Amino acid sequence: VQLVESGGGLVQPGGSLRLSCAASGFTFSTYYMSWYRQAPGKERELVAGITSTGGIRNYADSVKGRFSVSRDNAKNTVYLQMNRLKPEDTAVYYCAKSRRPSGLGAEYDYWGQGTQVTVSS
């Protein structure tokens with residue numbers, strides 16, 4: 001299993017970024033996927049999750065209305081569109097594969113290497 005994130009970078013407050021996570025080594029279309037983030041000195045935080053078909057999407061309160069998670073099962077890729085970015089969104093962002101296809105139990109068995117997002121003027 002391999003998860004490879006891309007799309008991070010430096011952006012000004014109020015700006016946008018789209019992160020991508022390319023997956024391989026498992027049947028991507030059958031698994032719940034999530035995005036997490038970790039800021040320096042802080043615990044890892046769940047940002048968003050999406051069911052295998054994309055029919056249900058879940059978000060942390062801190063990003064609701066600003067971030068949008070989506071997936072393209074034909075491309076084995078999950079995305080995180082981040083709009084109206086704030087300095088407090090600065091973190092390393094990781095995608096993660098749920099241990100169970102349904103996502104129940106919020107357990108993850110594979111993680112990407114992460115991509116840095118820095119929001120600063």
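Mentor: Buried means under 20% relative accessible area, and exposed means over 50%. The model discussed here is predicted.

Trainee: Which residues of strand 7 point to one face and are buried?

Mentor: In a regular strand the side chains alternate between the two faces of the sheet. Strand 7 covers residues 67–72, and its side chains alternate in this way. Ser-68, Ser-70 and Asp-72 point to one face and are not buried, while the buried residues on the other face are Phe-67, Val-69 and Arg-71.

Trainee: Which residue in strand 8 stands opposite Ser-68?

Mentor: Strand 7 runs antiparallel to strand 8 (residues 77–82), and 6 bridges join the two. They form a hairpin with 4 residues between them, and Asn-76 in the turn has a positive phi of about 55°. Across this pairing, the residue opposite Ser-68 is Gln-81.

Trainee: Is Lys-97 buried or exposed?

Mentor: Lys-97 belongs to strand 9, which spans residues 91–98. The cut-off for a buried residue is under 20% relative accessible area. Lys-97 has a relative accessible area of 4%, so this lysine is buried.

Trainee: Which side chain does a polar contact of 3.1 Å join to that of Lys-97?

Mentor: Leaving aside residues up to four places away in sequence, Lys-97 touches several residues, including Phe-26, Tyr-32, Glu-107 and Asp-109. The polar contact of 3.1 Å is between side chains, and the partner of Lys-97 in it is Asp-109.

Trainee: How many residues apart in sequence are the parts that Arg-37 and Asp-89 tie together?

Mentor: Arg-37 and Asp-89 form a salt bridge, with their closest N and O atoms 2.9 Å apart. Arg-37 lies in strand 4 (residues 33–38) and Asp-89 in the loop between strand 8 and strand 9, so the pair ties together parts whose separation in sequence is 52 residues.

Trainee: What is the relative accessibility of Asp-89?

Mentor: Its salt-bridge partner Arg-37 is buried, with a relative accessible area of 6%. Asp-89 also counts as buried, and its relative accessibility is 1%.

Trainee: With which residue does Glu-107 form a salt bridge whose closest N and O atoms are 3.5 Å apart?

Mentor: Glu-107 is partly exposed, at 35% relative accessible area. One salt bridge, at 3.4 Å from N to O, links the side chains of Glu-107 and Arg-99. The salt bridge at 3.5 Å joins Glu-107 to Arg-100.

Trainee: How many salt bridges does the structure hold?

Mentor: Among the salt bridges are the pair Arg-37 and Asp-89 and the pair Glu-107 and Arg-99. The number that the structure holds is 7.

Methods:
Residues numbered from 1 in each chain as written. Predicted model: local features only at pLDDT ≥ 70, side-chain atom pairs only at ≥ 80, totals over all residues. Heavy atoms only, no water. Buried < 20%, exposed > 50% of the residue type's maximum accessible area, 1.4 Å probe, protein only. Polar contact = N/O pair within 3.5 Å; in protein donor to acceptor, adjacent residues only side chain to side chain. Contact = heavy atoms within 4.5 Å. Pairing = 2+ DSSP bridges. Salt bridge = Lys/Arg side-chain N within 4 Å of Asp/Glu carboxyl O.
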